[in-house]
Amino acid sequence: MFNNLIAMSYMDKKLAELLNPIVEDLGFEMVRIRLSNGDPSTLQIMADRKNGQIGIDDLADINTSIGTLLDVENPITENYTLEISSPGIDRPLTREKDFDAYQGFEAKLETTEVIDGRRRFKGILAGTSEDEVLINIEEGTVGLKFNWLSDARLVLSDELVKQMLRKRNTRKTILNEEKFDEIDTQLESNEE
């Protein structure tokens, strides 16, 4: 169901199966989920809006809904911290559609197996062809099977930042004035 780029370990996949319906019901897509070991462990979930950028209020809504479900289901036995975030500008590429959407941008790809003497590939994304991710490297265009990938992410560049800023500027911000009135009322009552 979930590929290794979205959910790597067995526990990540189980958590993704439990939590993904919540993320989707809220109108978002799960980009990646990782439960890291530590004291406490960290459950990191990256989410994105299906058609556009995700905002801080969106992340807070996801955090509340997922936190509630985790409290009820209790799938993680050790202490953990829940971290909900956006993928960011130099985002991980975890879904086949990501490789088409960011065609023309620089990326780093890593494979599980050695391919032509290497596991790491850095170059310009050239989209996908059937079940392969295409990347232009110095030696030419290489096709890597999607299921060979163990890690993939965009490389932060001026061009990528400019593209993200263009997207952000073309998106209209819709303000919910009722929330501002509620905040103003709360501030006034706290000042008294």
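In this predicted model, strand S6, which spans residues 132-137, is joined to strand S7 by 6 bridges, and the two strands run antiparallel. Both belong to an open sheet of 5 strands, and the loop that follows S7 on the way to S8 carries one partner of an aromatic pair, Phe146.

**The sheet**

- Read across the sheet, the order of the strands is S7-S6-S5-S4-S8, and the pairing is antiparallel.
- The edges are formed by strand S7 (140-145) and strand S8 (149-154), each of which pairs on one side only.
- On average, and with direction ignored, neighbouring strands of this sheet are turned by 40° against each other.
- Where S6 meets S7, Ile137 stands opposite Gly140, the latter being a residue of S7.
- In general, the strands of a sheet pair through backbone hydrogen bonds, in either a parallel or an antiparallel manner.

**The aromatic pair Phe99–Phe146**

- A search of the whole structure finds 2 aromatic pairs, and one of them is formed by Phe99 and Phe146 in an edge-to-face arrangement, with 6.0 Å from centre to centre and 85° between the planes.
- This pair links distant parts of the chain, since Phe99 lies in helix H3 (residues 96-101) while Phe146 lies in the loop between S7 and S8, 47 residues apart.

**Burial of the two rings' residues**

- Phe99 counts as buried because its relative accessibility is 0%, where the cut-off for buried is under 20%.
- Phe146 also counts as buried, because its relative accessibility is 11%.

Technical notes: Residues are numbered from 1 along each chain as its sequence is written. This is a predicted model: local features need pLDDT of at least 70, side-chain atom pairs count only at pLDDT 80 or more; totals for chains, interfaces and linings use all residues. Side-chain values use heavy atoms; hydrogens and water are left out. Two strands pair if DSSP finds at least two bridges between them. Helices (H or I, at least four residues) and strands (E, at least two) are DSSP runs, numbered from the N terminus. Axes are lines fitted to C-alpha atoms, for helices over the stretch in contact, and angles run from 0 to 180 degrees between N-to-C directions. Rings of Phe, Tyr and Trp (its six-membered ring) pair if their centres lie within 6.5 Å; planes under 30 degrees apart count as stacked, over 60 as edge-to-face and the rest as tilted. Buried means under 20% relative accessible area, exposed over 50%, partly exposed in between (1.4 Å probe, protein chains only).
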